[in-house]
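Here are some worked exercises to try with the model open in your viewer. Have a go at each task before reading its solution.

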Amino acid sequence: MALQWMILAYVVAAEAAVAIIVTLPSPKAVKSRIVSLVSLVLQPSLFIIPFSAFQLLDIYWKNEHRLMCSGETCTAAERDRYEKSIYKAQRNAVLCVSACLLYWCIYRICKYHRDIQSMEEVEKRYKEE
């Protein structure tokens, strides 16, 4: 079960690196090449959205059907295990949400860059006329 969370963590790290690379100031030619490359990669990497949604549903289902450890019937080890599972679920939920949020941010940054390029082309055409 930990493999899916490891994959999601690596995807979030890669998305964060791509977001940083896309937002760094660079010359226009380099920036347009980077954005076009990232735009090509965005569509195949859309799988992360349903994958994260499925993982969030899994976290919710496990949270709803988790045995509660409260009262005097729980031992210290059971209470620690219960708290550890809660912390893991919270960490995994943050991973899922950050994966979706970073994907959306990268998509919007690339879209804004393409819109700016098209506006610059229109402006250049109007100046030539």
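**Exercise 1. Find the partner of Glu123 and say how the pair sits in its helix.**

Solution. Start from the side chain: Glu123 makes a salt bridge with Lys127, and their closest N and O atoms are 3.6 Å apart. Keep in mind that this is a predicted model, so that distance is a computed one. Next, check the cut-off: a salt bridge needs a Lys or Arg side-chain nitrogen within 4 Å of an Asp or Glu carboxyl oxygen, so the pair qualifies. Now look at the spacing: Glu123 and Lys127 are four residues apart in helix H4, so about one helical turn separates them. Last, the surroundings: Glu123 is partly exposed at 42% relative accessibility, while Lys127 is exposed at 65%.

**Exercise 2. How many salt bridges does the structure hold, and how is Asp115 paired?**

Solution. The structure has four salt bridges. One of them joins the side chains of Asp115 and Lys111, at 3.5 Å from N to O. These two are also four residues apart in helix H4, so they are separated by about one helical turn. For exposure, Asp115 comes out as partly exposed with 28% relative accessibility, and Lys111 is partly exposed too, at 25%. As background, side chains of opposite charge can pair when their charged atoms come close.

**Exercise 3. Asp58 and Lys62 form a salt bridge. Is Asp58 buried or exposed?**

Solution. First the geometry: the closest N and O atoms of Lys62 and Asp58 are 3.3 Å apart. Both belong to helix H3, where a spacing of four residues puts them about one helical turn apart. Then apply the cut-off, under 20% relative accessible area for buried. Asp58 has 18% relative accessibility, so it counts as buried. Lys62, in contrast, is partly exposed, with a relative accessible area of 37%.

**Exercise 4. Describe the largest nonpolar core and say which elements build it.**

Solution. Begin with the count: the core has 18 residues. Those with the most contacts inside it are Leu8, Val38, Leu42, Ile48, Ile106 and Cys110. Now go element by element: H1, helix H2 (28–42), H3 and helix H4 (76–128) each give two or more residues to this core. H4 supplies the largest share, seven residues.

**Exercise 5. Work out the environment of Ile48.**

Solution. Place the residue first: Ile48 is in helix H3, which runs over residues 48–64. Then ask how covered it is. With a relative accessible area of 1%, Ile48 is buried. Skip the neighbours within four places in sequence, and its contacts are Leu8, Val11, Glu15, Ala99 and Tyr103. Take Tyr103 as a case of a partner from further along the chain: it is 55 residues from Ile48 in sequence, yet their C-alpha atoms are 8.2 Å apart. For a second look, try Ala16, which lies in helix H1. Its C-alpha is 14 Å from that of Ile48, with their positions 32 residues apart along the chain. Ala16 counts as partly exposed, at 28% relative accessibility.

Now do the same for Leu42. Leaving out residues up to four places away, Leu42 touches Tyr103, Ile106, Tyr107 and Cys110. Tyr103 therefore turns up in the contact lists of both Ile48 and Leu42, given contact as heavy atoms within 4.5 Å.

**Exercise 6. Which residues make up the nonpolar surface patch?**

Solution. The patch consists of Leu3, Met6, Ile7 and Tyr10, and together they show about 430 Å² of accessible area. Zoom in on Ile7: it sits in helix H1 (residues 2–23) and is partly exposed, with a relative accessible area of 40%. For an exposed nonpolar residue elsewhere, go to Val94 in helix H4, which has a relative accessible area of 57%. The C-alpha atoms of Val94 and Leu56 are 9.5 Å apart, for a separation of 38 residues along the chain.

**Exercise 7. Compare the annotated spans with the model.**

Solution. Get the record first: the unreviewed UniProt entry annotates "transmembrane region" at residues 6–25 and 37–57. Then take each span in turn. Residues 6–25 are 90% helix and 0% strand, with end C-alpha atoms 31 Å apart. Residues 37–57 are 76% helix and 0% strand, and the end C-alpha atoms there lie 32 Å apart.

Key: Residues numbered from 1 in each chain as written. Predicted model: local features only at pLDDT ≥ 70, side-chain atom pairs only at ≥ 80, totals over all residues. Heavy atoms only, no water. UniProt positions renumbered as here; feature names shortened; annotations may be inferred. Buried < 20%, exposed > 50% of the residue type's maximum accessible area, 1.4 Å probe, protein only. Patch = residues over 30% accessible without salt bridge, like charges linked within 9 Å, V, L, I, M, F, W, Y side chains within 5 Å. Areas by Shrake-Rupley, 256 points an atom, 1.4 Å probe, with all protein chains shown as cover. Core = buried A, V, L, I, M, F, W, Y, C linked by side-chain atoms within 4.5 Å.
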